[in-house]
Amino acid sequence: MEESFYDKVFRIVRLIPKGRVSTYGAIAKYFGTGLSSRMVGWALNSSHSQDIPVPAQRVVNRNGLLTGRHHFPTPTLMEELLISEGIKIKENQVQDFKKHFWDPAVELGY
DNA sequence: CGTGTGACCGGCG
DNA sequence: ACGCCGGCCACAC
């Protein structure tokens with residue numbers, strides 16, 4: 001069973017530690033510069049269909065903005081989850097985003 | 001089989 | 001500094 005490109009994305013997202021956040025671009029880059037960031041968000045669009053919960057709330061755009069919050073069951077759920085993990089959110093924006101940033105290419109060692 | 005779309009990113013005017 | 005445009009790959013219709 002080869003894992004689809006979705007499963008790879010889900011796996012990386014699940015590897016994001018609690019209290020950390022990552023970006024679509026960072027994950028896409030981890031796959032290789034060939035993959036565009038759009039694919040990451042698109043894959044996450046199917047995350048709801050996965051039996052294994054995917055912490056998609058930890059994935060934000062490079063601005064630290066919770067762009068994907070509209071795709072959650074409730075638009076406030078994403079913010080609530082991040083706050084619940086100790087991340088501070090202000091106006092749909094991650095505070096100290098750079099400090100909470102988790103880069104798979106670095107943390108996982110490329 | 002071709003077109004459109006998508007939770008983005010980076011470059012250029 | 002800001003706004004607009006193209007690119008990039010995968011999947012659905």
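Here is a friendly chat about a predicted model of a protein with DNA strands B and C.

Biologist: Hi! Before we start, what kind of model is this?

Modeller: Hello! This is a predicted model.

Biologist: Thanks. Let's begin with the helices. At what angle do α1 and α3 pack?

Modeller: Helix α1, residues 5–14, and helix α3, residues 37–45, pack at an angle of about 90°. Their axes are 9 Å apart. That angle makes α1 roughly perpendicular to α3.

Biologist: Which residues meet there?

Modeller: From α1 you have Phe-5, Tyr-6, Val-9, Phe-10 and Val-13. On the α3 side, they meet Met-39, Val-40, Trp-42, Ala-43 and Leu-44.

Biologist: And how many of those are nonpolar, polar or charged?

Modeller: The contact of α1 with α3 has 10 nonpolar residues, with no polar and no charged ones.

Biologist: Nice. Now the DNA. Which residues come nearest to strand B?

Modeller: There are 17 residues around DNA strand B, and the nearest are Arg-38, Met-39, Trp-42, Leu-44 and His-71.

Biologist: Which element gives the most to that surface?

Modeller: That would be α3, with seven residues. Helix α2, residues 24–31, also supplies at least two, as does α3.

Biologist: What about the classes of residue near strand B?

Modeller: The surface near DNA strand B has six nonpolar, nine polar and two charged residues.

Biologist: Which atoms of the protein lie close to base nitrogens of strand B, and at what distances?

Modeller: I can give you three cases. An N or O atom in the side chain of Arg-38 is 2.2 Å from a base nitrogen of DNA strand B. For Leu-44, a backbone N or O atom lies 2.6 Å from a base nitrogen of that strand. For Asn-45, a backbone N or O atom lies 3.5 Å from a base nitrogen of strand B.

Biologist: How much of what the protein meets on strand B is sugar or phosphate?

Modeller: Of the strand B atoms within 4 Å of the protein, 45% belong to sugar or phosphate, and the rest belong to bases.

Biologist: And what is that figure for strand C?

Modeller: For DNA strand C, 55% of the atoms within 4 Å of the protein belong to sugar or phosphate, with the rest in bases.

Biologist: Which elements give two or more residues to the surface near strand C?

Modeller: Those are α1 and α3. Helix α3 gives the most, with three residues.

Biologist: Can you list the residues around strand C? Which are they?

Modeller: Sure: Phe-5, Tyr-6, Gly-34, Leu-35, Ser-36, Arg-38, Met-39 and Trp-42. By class, five are nonpolar, two are polar and one is charged.

Biologist: What do Gly-34 and Ser-36 come close to on strand C?

Modeller: A polar backbone atom of Gly-34 is 3.2 Å from a sugar or linking oxygen of DNA strand C. In Ser-36, an N or O atom of the side chain is 3.4 Å from a base oxygen of that strand.

Biologist: Changing topic: where does Glu-85 lie?

Modeller: Glu-85 lies in the loop between α4, residues 77–84, and β3, residues 89–90.

Biologist: Is Glu-85 buried or exposed?

Modeller: Glu-85 is buried, because its relative accessible area is 18%, and buried means under 20%.

Biologist: What does Glu-85 touch?

Modeller: Leaving out residues up to four places away in sequence, Glu-85 touches Lys-18, Gly-19, Gln-57 and Arg-58. Its side chain makes a polar contact with the side chain of Arg-58, at 2.8 Å. A polar atom of the Glu-85 side chain also lies 3.5 Å from the backbone nitrogen of Gly-19.

Biologist: And Ser-47, buried or exposed?

Modeller: Ser-47 is buried, with a relative accessible area of 14%. Ser-47 is found in the loop between α3 and β2, residues 59–60. Not counting residues up to four places away in sequence, Ser-47 touches Phe-10 and Val-54.

Biologist: Last one: what about Glu-91, buried or exposed?

Modeller: Glu-91 is exposed, with a relative accessible area of 67%. Glu-91 lies in the loop between β3 and β4, residues 93–94. Phi of Glu-91 is near 55°, a positive value in a residue other than glycine.

Biologist: And what is phi of Asp-96 near?

Modeller: Phi of Asp-96 is near 55°. Asp-96 is in the loop between β4 and α5, residues 97–100, and is partly exposed, with a relative accessible area of 47%.

How values were computed. Residues numbered from 1 in each chain as written. Chains lettered and ligands numbered in written order. Predicted model: local features only at pLDDT ≥ 70, side-chain atom pairs only at ≥ 80, totals over all residues. Heavy atoms only, no water. Axes fitted to C-alpha atoms, helices over the stretch in contact; angles between N-to-C directions. Helix = DSSP H or I, 4+ residues; strand = E, 2+ residues; numbered from the N terminus. Parallel < 35°, antiparallel > 145°, perpendicular 65-115°, else oblique. Contact = heavy atoms within 4.5 Å. Nonpolar A, V, L, I, M, F, W, Y, C, P; charged D, E, K, R; others polar. Buried < 20%, exposed > 50% of the residue type's maximum accessible area, 1.4 Å probe, protein only. Polar contact = N/O pair within 3.5 Å; in protein donor to acceptor, adjacent residues only side chain to side chain. Near = heavy atom within 4 Å.
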